Amino acid sequence: MFGNTRKARVGAFAALAVSVALVATGCAETGDDSGSGDAGSGDANYAITFLPKNLGNAYFDTSDAGGADAIKEFGGTYAEVGPAESGPDAQVSFINTLTQQGVGGIVVSANDPQAICDALNEARDAGTKVVTFDSDTNPECRDLFINQATAEGIAKVEVDLIAEQIGGAGKIAILSSTPNATNQNAWIEIMKTYLASDYPDIELVDTVYGTDDDQASFDKTAALLQTNPDLKGIISPTTVGITAAARYLSTSEFKGKIALTGLGTPNQMRDYVTDGTVTAFALWNPADLGYLAAYAAKALIDGDITGAEGDTFDGGKLGSFTVGENGSVLLGDPFTFDKGNIGDFDF
Amino acid sequence: MTNFLQALAPATRTYRDHSQPLWRRILLSREAAVIGAVLLVIIVASVSVRAFGKPITATYLLLDIAPILLIALPMTLIIITGEIDLSVASIVGLSSVTLGVLHSNGMPIEAAAVVALIVGAIAGALNGFLITIVGLPSLAVTIGTLALYRGLAVGLLGTKAVTEFSEFWTSLAKSKIGASAIPSVVIPIVILAVIFGVLLHLTPFGRGVYAIGLSAEAARFSGIHVERTKFTLFMLSGLVSALAGIYYTLRFSSARGDNATGLELSVIAAVLLGGVSIFGGRGSTLGPIAGAALIGVLASALRLANVTSDVINIITGTLLVASVVATSFLAWLHTKRIRPGKKTETLVAAKG
């Protein structure tokens, strides 16, 4: 059966090696077909790649789709790459890859403000324009930051909403994402200051972290209500957190008794707004955010702007935008969703 | 088929056939196959993947796999003794946080790095103590310390990340050797690889490592210090993991408790892909180095070809399973060869 084993052995090794090669070539071909950024085709290099915190996240699916729309409008090449999980250094190898490919622009939401810095600067040294959106890096590592809303605006709208819902007095808690999240930590700091100055009767008793994981956020909500039986409201400034908290509340005795607000997306929150678990919540439109980030990358690639304060660029259907302090561009004011208007949105 | 399944059991082992000439033994070895696969992927990717052929690819690739290469060295020896260390990535995190916390409190980076190395060695020694003196299985112990060390790391630094490291050290971690594309971190890796290679292949200690993997009982009766050997290996593993943690921190200029989460699986994958038997007793230092290179080169080429990270994981996983199955399959072929003819004939006769 296996008379000449030596040959069979060599054959087995060869089969292993060939299968590896086949896999590599097969995938390489698909890569060529989909056409990554080609730097040398005369015109401006509109190959713009979106690098979200991680793939398979509904929020980034929406924002990146907005970016894809914008890139289609001005005739560029859209691509999206990203790690499966959002570790601090997980984006570095993807940024390095984009540097090697020589894309025109990278639009990235940073998992860590420092860890991806050097990789981004290497990309910029190679001529790639870097726009951050959603979560910024340190300002010296990118050309522009597209800010979804000012931290003050977000913190204020969430505190105002919870105050209105609990009648301006009582104990509240915060269900955040990861302990290191740049955005959430900044918002929480401002919330504390704003609560102290404008709502002295509201007491923030606890801040817990659901690590942007649905089950962990669900469990943290349950634990929060158990340890604080006299809690009146929860602010969850993360879309994963507010959805998990709403799911817990809607099936518990606390439904309608504990106020819940924060940042959520209309599609995820629709059921809970309809059934009365949640009265109102806030957010910006992530599709607009991705759209504006793509136009900002285009303006940088065209050389119309350098990212200096006072630069003005065209944001497509969103109008004209001006670069503010520290190279950041503000999308606009947060938007409040409630029973009356949630039907108008689909993202 | 029964024969094949029997061959999968740990009892069956193969040895290099010393009746063959040396060049043939080397060419037919598992290491040669993995190195061949690496070269093949490099050649194919250079031709078919745009931008892969540039020197910068080698720079990024080596920077990426450096921690895997480092930790794979002691891991190889541990797996050859039939044990495993799952806590390595958590020790990387613990060492990173130790360095960060001490440095941010004013300790010079060199001194903080020494303390981080000591912490790593202590963490490894605790693993070794629980495994050799208390006598618990390494799988259970290191699953426990995986959680313990990670918890300590995240707990120590809390919600912060330490990012203030001097430019000198962070750029040293990313520097290249002269004008070449090879990062300087390759130098300590090569030195350590030679040390571990000599230790495993050319010393009585190394022969003891193999003997323990083949049969701890027999090794003990031949006068090998089984416990002392294992304890030393786990401590070395902790020390090298801490070194990887220092590199990791400086490369990303960021000390965080969750640094290198999940790295232990990449390390073990590289070691197994490199032909080290998970049952112990078989393997070399060169194999896992080639295994790490294969995983790294494949991932790099596939990313450049715009393949998503999920698909890259699927391919790496499939390759690992295929390599393990291939090992057992070859072992089966080998047993057929040692006992030629007869068994097959009787089997055929029985069937007929």
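In the predicted model, A:Val107 of strand β3(A) lies opposite A:Val131 of β4(A). These two strands run parallel and are joined by 4 bridges, with β4 of chain A spanning residues 129–133. The connection between them passes from β3(A) through helix α4 of chain A (residues 117–125) to β4(A), forming a β-α-β crossover of right-handed sense.

Strand β3(A) also pairs with strand β1 of chain A (residues 47–51), again in the parallel sense and over 4 bridges. Here A:Leu51 is the residue that faces A:Val108 of β3(A) across the pairing. Strand β3 of chain A, comprising residues 105–108, is covered on both of its faces. A:Gly105 and A:Val107 are buried on one side, while A:Ile106 and A:Val108 are buried on the other. A:Val107, placed opposite A:Val131, and A:Val108, placed opposite A:Leu51, thus belong to opposite faces of the strand.

A further element examined was helix α9 of chain A, which covers residues 266–274 and in which A:Met269, A:Tyr272 and A:Val273 are buried. These residues lie on the same side of α9(A) because the arc they cover around the axis is only 100 degrees. The packing partners of the buried residues of α9(A) are, in chain A, α8 (239–250), β10 (280–283) and β14 (335–338). Just after α9(A), the backbone at A:Gly276 adopts a positive phi of about 90 degrees.

Note on methods:
Residues numbered from 1 in each chain as written. Chains lettered and ligands numbered in written order. Predicted model: local features only at pLDDT ≥ 70, side-chain atom pairs only at ≥ 80, totals over all residues. Buried ≥ 20, exposed ≤ 12 C-beta atoms within 10 Å, placed from the backbone. Pairing = 2+ DSSP bridges. Right-handed = clockwise from strand over helix to strand, strands pointing away. Arc of directions from axis to C-beta. Contact = placed C-beta atoms within 7 Å.
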